[in-house]
Each structure stands twice: as structure tokens, then as C-alpha cells.
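Me: Can you walk me through this one? I'd like to talk pockets, rings and packing.

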Amino acid sequence: GWDEDTDDDLRADIEDLIDDEMLDDDSIEVMDAVLLWWRDGDGDLVDALVDAIGPLAEGGFIWVVSPKTGKDWYVDPSVIAEAAPTAGLSQTKVITLGDWSGVRLETRARGKR
């Protein structure tokens, strides 16, 4: 979901934190975490989440990052809350990231521990 409207400062901060570059969505490597930029109108969130689970390492998680409520293309939090269990995920945390909101999702098996 990376595009011109995403927060490059956030991406740079994450790369500083992990001391490496983030992988693109076409990477075939196993990943510890997926950062999924998501906006209203991007398509089917359940399908995107299922696709994002594929490259996750055991114990990995997904951050769905969408524009904050009231911003252009914002995603109602209920959309993420409803899509997560359908994709086999549990919502574990919600944070604010500037003009974006982040929702951390984990596989249900991990979320039950």
C-alpha cells in the first residue's frame, strides 16, 4: 500500500529502528512484520491481510496503517476490526502515527498466548 501519500518520515524512523531497509511487497523473504498502508477504496482488506500473512515468520505481526478519522481516504476502525478475524487475525493494539492510525494484528494462535 505504499504510495506518494504515505509518511516517509515514519518509514525512515522504522528503518532506523530496525537498522535495515524495509522490504517491498514483492519480496519473497520471510518477514518479522508487515506494514500495510491502507486507505478507503484500496480494495478488499481481508484479501490484503491474507496476502500479508503469507510471508510472515512465526510470531510475526501486521500493522495496518490508515489515515486518521476525518482525513481523506480514512478507514473506519470497524472495517479493520471486522476484517481481522475473517483473515485469521486478532487486533492487539491501536496507536496514532501523525496523520495516520496504526492497528497491530497478530495471528489468532499468537494472540491467545
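Reply: Sure, here is a quick tour, and bear in mind that this is a predicted model.

Me: Pocket first. What volume does the largest pocket have?

Reply: The largest pocket comes out at about 940 Å³. Its lining has 31 residues, and the closest to the centre are Met22, Leu23, Ala33, Val34 and Leu35.

Me: Which element gives the most to that lining?

Reply: That is β1, with seven residues. At least two residues each come from α1 (8-18), β1 (31-37), α2 (45-53) and β2 (56-67).

Me: And how do the lining residues divide into nonpolar, polar and charged?

Reply: The lining of the largest pocket has 20 nonpolar residues, nine charged and two polar.

Me: Switching to rings. How many aromatic pairs does a search of the whole structure find?

Reply: One. The partners are Trp37 and Trp100, with ring centres 4.8 Å apart. Their planes stand at 75°, over the 60 degrees cut-off, so the pair is edge-to-face.

Me: Where in the chain do the two sit?

Reply: In distant parts. Trp37 belongs to strand β1 and Trp100 to strand β4 (residues 100-107), 63 residues apart.

Me: Are Trp37 and Trp100 buried or exposed?

Reply: Trp37 is buried, and Trp100 is buried too.

Me: Which ring does the charged end of Arg104 sit over?

Reply: The ring of Phe61. The charged end of Arg104 is 3.7 Å from the centre of that ring.

Me: Now packing. Which residues of the largest nonpolar core touch the most other members?

Reply: Leu36, Leu49, Ile62, Val64 and Leu105, out of 19 residues in that core. Two or more residues come from each of β1, α2, β2, α3 (77-86) and β4. The largest share is from α2, with four residues.

Me: Is there a general trend behind that, or what should I expect of nonpolar side chains?

Reply: In soluble globular proteins, nonpolar side chains tend to be buried together.

Me: Last topic, backbone. What is phi of Asp19?

Reply: Near 55°, which is positive, in a residue other than glycine. Asp19 lies in the loop between α1 and β1. Its relative accessibility is 70%, so Asp19 counts as exposed.

Me: And what about phi of Trp73?

Reply: Trp73 has a positive phi as well, about 70°, and is not a glycine. Trp73 is in the loop between β2 and α3.

Me: Trp73, buried or exposed?

Reply: Exposed, because the relative accessible area of Trp73 is 54% and the cut-off for exposed is over 50%.

Methods: Residues are numbered from 1 along each chain as its sequence is written. This is a predicted model: local features need pLDDT of at least 70, side-chain atom pairs count only at pLDDT 80 or more; totals for chains, interfaces and linings use all residues. Side-chain values use heavy atoms; hydrogens and water are left out. On a 1 Å grid over the protein atoms alone, a cavity is a set of points where a 1.4 Å probe fits but cannot get out, and a pocket is an open set with protein on both sides within 12 Å along at least five of seven lines; lining residues have an atom within 4 Å of a point. Grid points are joined across faces, edges and corners, and a volume is the space filled by probe spheres set on the points. Ala, Val, Leu, Ile, Met, Phe, Trp, Tyr, Cys and Pro count as nonpolar, Asp, Glu, Lys and Arg as charged, and the others, Gly among them, as polar. Rings of Phe, Tyr and Trp (its six-membered ring) pair if their centres lie within 6.5 Å; planes under 30 degrees apart count as stacked, over 60 as edge-to-face and the rest as tilted. Buried means under 20% relative accessible area, exposed over 50%, partly exposed in between (1.4 Å probe, protein chains only). A charge sits over a ring if NZ of Lys or CZ of Arg is within 6 Å of the ring centre and within 35 degrees of the ring normal. A nonpolar core is a set of buried Ala, Val, Leu, Ile, Met, Phe, Trp, Tyr and Cys residues joined through side-chain atoms within 4.5 Å.
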